[in-house]
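Visitor: Could you pick out one part of this model and take a close look at it with me? After that, I'd like to hear how the rest of your tour connects.

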Amino acid sequence: MASAAAGLCFLSQNYTKTLPFSLPKHSSLKLKPNILSLSSFSHSVFRSASHNASLHRRFSLHCWKCFSSVPVTTRSYEFLDGSSEVELRLQIGGQGIQSSRDISVDVKDDSLAIRVLRPGSLITLIETDRLFDRIKPSETIWYIDDDELVVNLKKHDPDLKWPDITESWESLTAGSTQLLKGTSIYLVGDSTEINQTVARELANGLGYTPLCTKELLETYSKKTIDSWVLAEGSDSVAEAESAVVESLSRHARTVIATLGGQQGIAGRADKWQHLYAGFTVWLSQTEATDENSAKEETRKNINDGRLAYTNADVVVKLQGWDPAYAKSVAQACLSALKQLILSDKKLPGKKSLYVRLGCRGDWPNIKPPGWDPSTEGDVTPTHGPE
């Protein structure tokens, strides 16, 4: 059995906003992309848990905006993480605020809006539809302290350190260290170029080492992948990439871009043994035009079971491609990975154990030390649900 696709993001050619959603199972346009993320959670089970006890085989559906919108006139706030709660201090001097009745603080599970009330109008001080993590709205406390508005938000997860109030590229890259714990990331999908471009952005943000199996193979063979395929066939290239990934699986803190399509191992269900050593992100191009159709396409991919890419932990669907927005795609990847790891904080440790035991192909149900895969035939997980 393969792990469920844990995150799906949809990037449309309209490029106007970000719409990540979670699903259990785990263009030349110079516009800003839309992204949907899909993650696996323990609630809202998509199919019977008795079918599969593993978290990676349970599906849930949850929608959220991946990128925060934070219109603030100036960066006039201070942020403090105080373990069980976070504190936000906003400068409100000069706003003409006479009392607390002039202020509106609207708090939800993962969003915050603070506005100054004026006759016939509202002035937005800060608004985000994506807090770094969930909070407990009913336990929010706010008050005015001289020229500052102080808002205390009770964290849903007191163990999670918040780098900032909002989920952004900066806060995700800063906060991912405590979540990933050095676990490497593998980018898979039909386009080698997209895999490589997004890998560089992710590595740069995380402080990881960017690697590309295409570059490693071409340096070693002293010929292009295309000429290699013509001369020896795609099976030969896949075998060579498998050997490269086996070696890289023992490395930590790397972002590895794999070969696209059937040239490489990610498109072959029987070659995922060492890809499971890290968190895998499927960068999938799509014709879907909206959130719902992207969700439906993902369901069909999973249920069909023919695409090896559905083994991935995170899915990012792209309608069109523009390298200028690779950072937006990278941010969506980190957002979905964050949701996945927060749903099961033992996952990085489990990945580490899988590597230490030799990447034997028994992911996600790791067998005891000494287990011999050859005694059970082909143990490589299939990529579709049972």
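Guide: Pro 364 sits in the segment after helix 8 (347-356); helices here are DSSP runs of H or I with at least four residues, strands are E runs of at least two, and both are numbered from the N terminus. Keep in mind that this is a predicted model, where local features need pLDDT of at least 70 and side-chain atom pairs count only at pLDDT 80 or more, while totals for chains, interfaces and linings use all residues. Residues are numbered from 1 along each chain as its sequence is written, and side-chain values use heavy atoms, with hydrogens and water left out.

Back to our proline: the peptide bond running from Trp 363 into Pro 364 is cis, with omega near 5°. Further along, the segment after helix 8 also holds Pro 369. With a relative accessibility of 69%, Pro 369 counts as exposed (that means over 50% relative accessible area; buried means under 20%, and partly exposed falls in between, with a 1.4 Å probe and protein chains only). Setting aside residues up to four places away in sequence, Pro 369 touches Leu 357 and Arg 360, where contact means heavy atoms within 4.5 Å. Its C-alpha is also 9.7 Å from that of Arg 356, a residue 13 places away in sequence.

Now step back into helix 8, where you'll find Ser 352. Ser 352 is partly exposed, at 33% relative accessible area. Follow it across to Ala 277: the two are 75 residues apart along the chain, yet their C-alpha atoms are 7.3 Å apart.

Ala 277 is a handy stepping stone, as it is one of the residues that Ser 249 contacts. The others on that list are Tyr 186, His 274, Val 355 and Cys 359, once neighbours within four places in sequence are left out. As for where Ser 249 itself lives, look in the loop between helix 5 (234-248) and strand 13 (254-257). Only 4% relative accessibility is left to Ser 249, so it counts as buried.

On the other side of strand 13, in the loop that leads to strand 14 (279-285), comes Trp 272. Here the relative accessibility is 0%, so Trp 272 counts as buried too. Its list of partners, again without residues up to four places away in sequence, runs to Val 188, Ile 265, Ala 266, Thr 280, Ala 308, Tyr 309, Asn 311 and Ala 312. You can also pair Trp 272 with Ser 242, which is 30 residues away along the chain and 8.6 Å away from C-alpha to C-alpha.

Let's swing over to helix 1 (residues 169-180) and helix 2 (residues 192-206). Their axes come within 9 Å and cross at roughly 75°; those axes are lines fitted to C-alpha atoms over the stretch in contact, and the angle, on a 0 to 180 degrees scale, is taken between N-to-C directions. So helix 1 is roughly perpendicular to helix 2, a label for angles of 65 to 115 degrees (under 35 is roughly parallel, over 145 roughly antiparallel, and the rest oblique). Helix 1 brings Trp 169, Thr 173, Ser 176 and Leu 180 to the contact, and helix 2 brings Glu 201, Leu 202, Gly 205 and Leu 206.

Zoom in on Ser 176 of helix 1. With a relative accessible area of 6%, Ser 176 is buried. Beyond its neighbours up to four places away in sequence, Ser 176 touches Lys 181, Leu 206 and Leu 334.

That partner Lys 181 is worth a pause. Lys 181 belongs to the loop between helix 1 and strand 11 (185-188), and its phi is near 55°, a positive value in a residue other than glycine. At 57% relative accessibility, Lys 181 counts as exposed. Lys 222 has a positive phi as well, about 60°, although it is not a glycine either. You'll see Lys 222 in the loop between helix 3 (213-221) and helix 4 (225-232). Lys 222 is exposed, with 74% relative accessible area.

To put all these stops in context, the chain has eight helices and 15 strands, and 55% of its 386 residues are buried.
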